[in-house]
Amino acid sequence: MARPSDEQQRALAGLLGLGDHSARKSHYPELSARLDELEAERNRYKWLFENAVHGIFQASLQDGMRAANPALARMLGYDDPQAVLFSLTDLAANLFDGGAEELQEITAVLARERSLHGYETRLRRKDGSHIDVLMNLLLKPGQEGLVEGFVADITERKQAQQRLQQLNDELEQRVAARTDELLEARHAAEAANRSKDQYLAAASHDLLQPLNAARLLIATLRERPLPDAEHVLVERTHQALEGAEDLLTDLLDISRLDQAAVKPDVAVYRLDELFAPLVSEFRSVADAEGLKLHARIPDCAISTDLRLMTRILRNFLSNACRYTDEGRILLGARRRGGHLRLEVWDTGRGIAEDRLQAIFLEFNQLDVGRAADRKGVGLGLAIVERVAKILG
């Protein structure tokens, strides 16, 4: 073989940076510095690899684990990272809880996506226990089948989630049990209420008959001339029987309304058909109390049950006459769009705003002290509320 000429040798030395002495002096320090930088970089990555908090490994899709850091070894219960350098067969048998099938699924995803992020799985430790981990896997560019992985232990997070789910399940069970108890109590209360209503209806109906007979007898006595003392006794007896009859009538109405035994018969009526009989009925009552009753009846019609609506307004007018010491009472109506607002106004003492709901409770009367001061039994507005709900 022919030896290179001197000119060829000088050219080759120039290409390699090994030409004359001056050329070597200029290139060696730069090369040495570059090698030092590469060594420092390698040592830095080695330090990070060995001291990382999370597990790091490098594996081949054909051969298995090639390198693992101490954190991964500790995570799996081993003292030496070399102990976790499993072959591909050992990975399926000793590490992945899903076995060979899980490894095949991971390989398929990496082949298709080149990476796998946020993959949660369970790994088997040396003592046979399991840990839950979160893995990020990357196929290393330029090196076919070489995978770099990062592993974080999420066992405590999973256990916390399981405890939270258990607490939620227990809470749902307790809520369901409590709901069943409340439903049972509600059904019992409704049954007791129905029984009460049926009893009230039966008792009120039966008691009204002898009361009516007693009132007829008292009415007969009232028509006869009697000494003053006996006349006072008869009047007091008449008032007592009248109060008892009113109470039983109201109780009967309450029970019928609570049992939904009252069905509205809705039709269209002119407002004067509703107001005129009420004005005629209560004008004399107001006069007897020293009050003036006025009515403002606009020319319009309403759709309602005449009997039930009359019951509501009669109660309002009766209360106005009872609880107004002086002044006047106004029965009127105002248009509000397609609706009509029926109102009863009076110059009485009024009701505090924070007590407006209380007046609709059964047997509740405001600002009443002695029994002698009571007017009625406190059921009128309770009946009104129920009738209003029936009418919508």
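**Exercise 1. Find how many residues join β1 to β2 in their hairpin, and describe how the two strands pair.**

Step 1. The hairpin that leads from β1 to β2 has three residues between the strands, where a strand is a DSSP run of E with at least two residues, a helix is a DSSP run of H or I with at least four residues, and both are numbered from the N terminus. This is a predicted model, in which local features need pLDDT of at least 70 and side-chain atom pairs count only at pLDDT 80 or more, while totals for chains, interfaces and linings use all residues. Residues are numbered from 1 along each chain as its sequence is written, and side-chain values use heavy atoms, with hydrogens and water left out.

Step 2. Strand β1 covers residues 55–60 and strand β2 covers residues 64–68, and four bridges join them in an antiparallel arrangement; two strands count as paired if DSSP finds at least two bridges between them. One residue to look up is A59, whose bridge partner in β2 is M65.

**Exercise 2. Work out the order of the strands in the sheet of five strands, and say which helices lie against this sheet.**

Step 1. The sheet is open, its order is β2-β1-β5-β4-β3, and the pairing is antiparallel. At its edges stand β2 and β3 (115–124), each of which pairs on one side only. From one strand to the next the twist averages 30 degrees, with axes taken as lines fitted to C-alpha atoms, for helices over the stretch in contact, and angles running from 0 to 180 degrees between N-to-C directions.

Step 2. Inside this order, β4 and β5 (residues 146–153) run antiparallel and are joined by seven bridges, and N136 stands opposite F150 in β5.

Step 3. Helix α4 (residues 88–95) packs on the sheet by touching β1, β2 and β3, and its direction makes about 60 degrees with that of β3; contact here means heavy atoms within 4.5 Å. Helix α5 (residues 99–113) lies across β3, β4 and β5 and runs at about 170 degrees to β3.

**Exercise 3. Locate P141 and decide whether P141 is buried or exposed.**

Step 1. P141 sits in the loop between β4 and β5.

Step 2. The relative accessible area of P141 is 70%, so P141 is exposed; the cut-offs are under 20% for buried, over 50% for exposed and in between for partly exposed, with a 1.4 Å probe and protein chains only.

Step 3. Although P141 and R114 are 27 residues apart along the chain, their C-alpha atoms are separated by 9.1 Å.

**Exercise 4. Describe the sheet that contains β7, β9 and β10.**

Step 1. Three strands form this open sheet, in the order β7-β9-β10 and with mixed pairing. Because β7 and β10 are at the edges with a single partner strand each, one side of each is left without a neighbour in the sheet.

Step 2. The mixed pairing can be followed strand by strand: β7 and β9 run parallel and are joined by five bridges, whereas β9 and β10 pair in the antiparallel sense over eight bridges. In the first pair K292 stands opposite R328 in β9, and in the second the bridge partner of A333 in β10 is L342.

Step 3. The hairpin of β9 and β10 has two residues between the strands, and there G337 takes a positive phi near 65 degrees.

**Exercise 5. Check whether the span of helix α9 agrees or disagrees with expectation, and find what surrounds this helix.**

Step 1. The expected span is 1.5 Å times one less than the number of residues. Helix α9 (residues 306–323) has 18 residues and should therefore span 26 Å, and its end C-alpha atoms are 26 Å apart, which agrees.

Step 2. At the N-terminal end, D305 caps α9, with a side-chain oxygen 3.0 Å from the backbone nitrogen of R307.

Step 3. Among the buried residues of α9 are L308, I312, L313 and L317, and the cover over the buried residues includes α8 (271–288), β8 (301–304) and α10 (380–391).

**Exercise 6. State where confidence is lowest and where it is highest in the protein chain.**

Step 1. The mean pLDDT of the chain is 80, and 80% of its residues reach 70 or more; pLDDT is the predictor's confidence in each residue, from 0 to 100.

Step 2. Confidence is lowest in helix α1 (residues 6–15), with a mean of 52, and highest in strand β4 (residues 130–139), at 92.

Notes: A polar contact is a pair of N or O atoms within 3.5 Å; within protein, one must be able to donate a hydrogen and the other to accept it, and residues adjacent in sequence count only if both atoms are side-chain atoms.
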